[in-house]
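I opened this notebook to record what I looked up in a structure that is new to me. My entries concern the ligand site and the cysteines.

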Amino acid sequence: MDGLPSVEEVGERLAGIRERIAVVGGRDVTVVGVTKGHPVEVVELAVAAGLTELGENYAQELVAKAADPAARALGPHWHHIGRLQRNKVRLLAPHVALWQTVDRVELVAEIARRAPGAAVLVQVATTGEVGKGGCAAAEVPALVDACGDTGLRVRGLMTVGPTDPEVAPGPGFAEVRRLVDRLGLECCSMGMSDDLEIAVGEGSTMIRIGRALFGPRTA
Ligand SMILES: *Cc1c(COP(=O)(O)O)cnc(C)c1O
């Protein structure tokens with residue numbers, strides 16, 4: 001399998017991530033293995049290493065992996081973590097266990113139609129960087145209400161930290177955690193390979209890890 005690490009390597013890296021979580025005082029933090037940019041064999045690898053939650057950014061890639069017979073037999077839960085286009089919801093609906101990037105009303109209606117009662121996170125924009133998606137913090141309560149009104153189950157909120165190394169991620173993560181608490185939600189999905197300590201320190205309950213588990217992306 002070109003490029004992919006061994007099961008042992010992924011297992012060691014996962015243990016290393018759990019250690020990094022523990023060092024900053026994290027408890028009960030779910031690790032979502034982000035498999036984007038890797039061939040379908042990554043699914044078997046991830047599950048063998050102990051991951052049950054897997055994330056993908058692109059609809060086609062998620063469906064290709066989720067619908068693969070061997071991968072499917074392993075039964076991972078798929079999270080859609082990338083920017084979501086309304087016209088991809090129907091394709092994704094049979095496969096997605098958690099929609100992490102709900103950031104506008106038109107998505108709420110479409111997910112409710114194609115995947116009634118589905119579990120969702122509302123994505124919050126916290127960095128001011130364009131192209132990341134997410135709604136403004138001020139819009140979150142209304143969007144959470146809109147989800148509830150259509151029967152979707154809002155588990156919590158999600159955000160993507162800054163790409164610009166000059167921007168400190170802490171304040172944005174803290175803001176999302178405050179919103180999660182204020183709205184009485186549970187899940188706070190924030191933190192990736194490079195900023196997980198800061199995210200967990202600010203109260204993340206779910207981190208999304210790609211490179212630190214599976215190495216550089218090949219596609
Ligand atoms: C790619 C991606 C990740 C994983 O990033 P790594 O830096 O590889 O850990 C997590 N969340 C989102 C939204 C992503 O697009």
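The entries below take the ligand first and the cysteines second.

Entry 1, the model. I noted at the outset that this is a predicted model.

Entry 2, the ligand site. I looked up where the ligand lies and found that the space it takes is the largest pocket. I then listed its surroundings: there are 13 residues around the ligand, and Lys 36, Asn 57, Ser 193, Arg 211 and Arg 217 come nearest. Sorted by class, this shell has six nonpolar, three polar and four charged residues.

Entry 3, polar contacts of the ligand. I checked the ligand's oxygen atoms against the protein. For Ser 193, an N or O atom of the side chain is 2.5 Å from a ligand oxygen. For Arg 211, the corresponding distance from a side-chain N or O atom to a ligand oxygen is 2.7 Å. At Gly 210 the partner is a polar backbone atom, 2.8 Å from an oxygen of the ligand. I also looked up the cover: the ligand taken alone exposes 390 Å², of which the protein buries 92%.

Entry 4, the cysteines. How many disulfides does the structure hold? I found zero. I asked why Cys 147 forms no such bond. Its sulfur is 9.5 Å from the closest cysteine sulfur, that of Cys 135, which is too far for a bond; a disulfide needs the two sulfur atoms within 2.5 Å. Cys 187 is likewise in no disulfide, with the nearest cysteine sulfur, in Cys 188, 7.2 Å away.

Entry 5, burial. Is Cys 147 buried or exposed? I recorded Cys 147 as buried, at a relative accessible area of 0%. Cys 187 is also buried, at 8%.

Methods
Residues numbered from 1 in each chain as written. Predicted model: local features only at pLDDT ≥ 70, side-chain atom pairs only at ≥ 80, totals over all residues. Heavy atoms only, no water. Buried < 20%, exposed > 50% of the residue type's maximum accessible area, 1.4 Å probe, protein only. Near = heavy atom within 4 Å. Polar contact = N/O pair within 3.5 Å; in protein donor to acceptor, adjacent residues only side chain to side chain. Areas by Shrake-Rupley, 256 points an atom, 1.4 Å probe, with all protein chains shown as cover. 1 Å grid on protein atoms, 1.4 Å probe; cavity = no way out; pocket = protein on both sides within 12 Å on 5 of 7 lines; lining within 4 Å. Sits in = over half its atoms within 2 Å of the grid points. Nonpolar A, V, L, I, M, F, W, Y, C, P; charged D, E, K, R; others polar.
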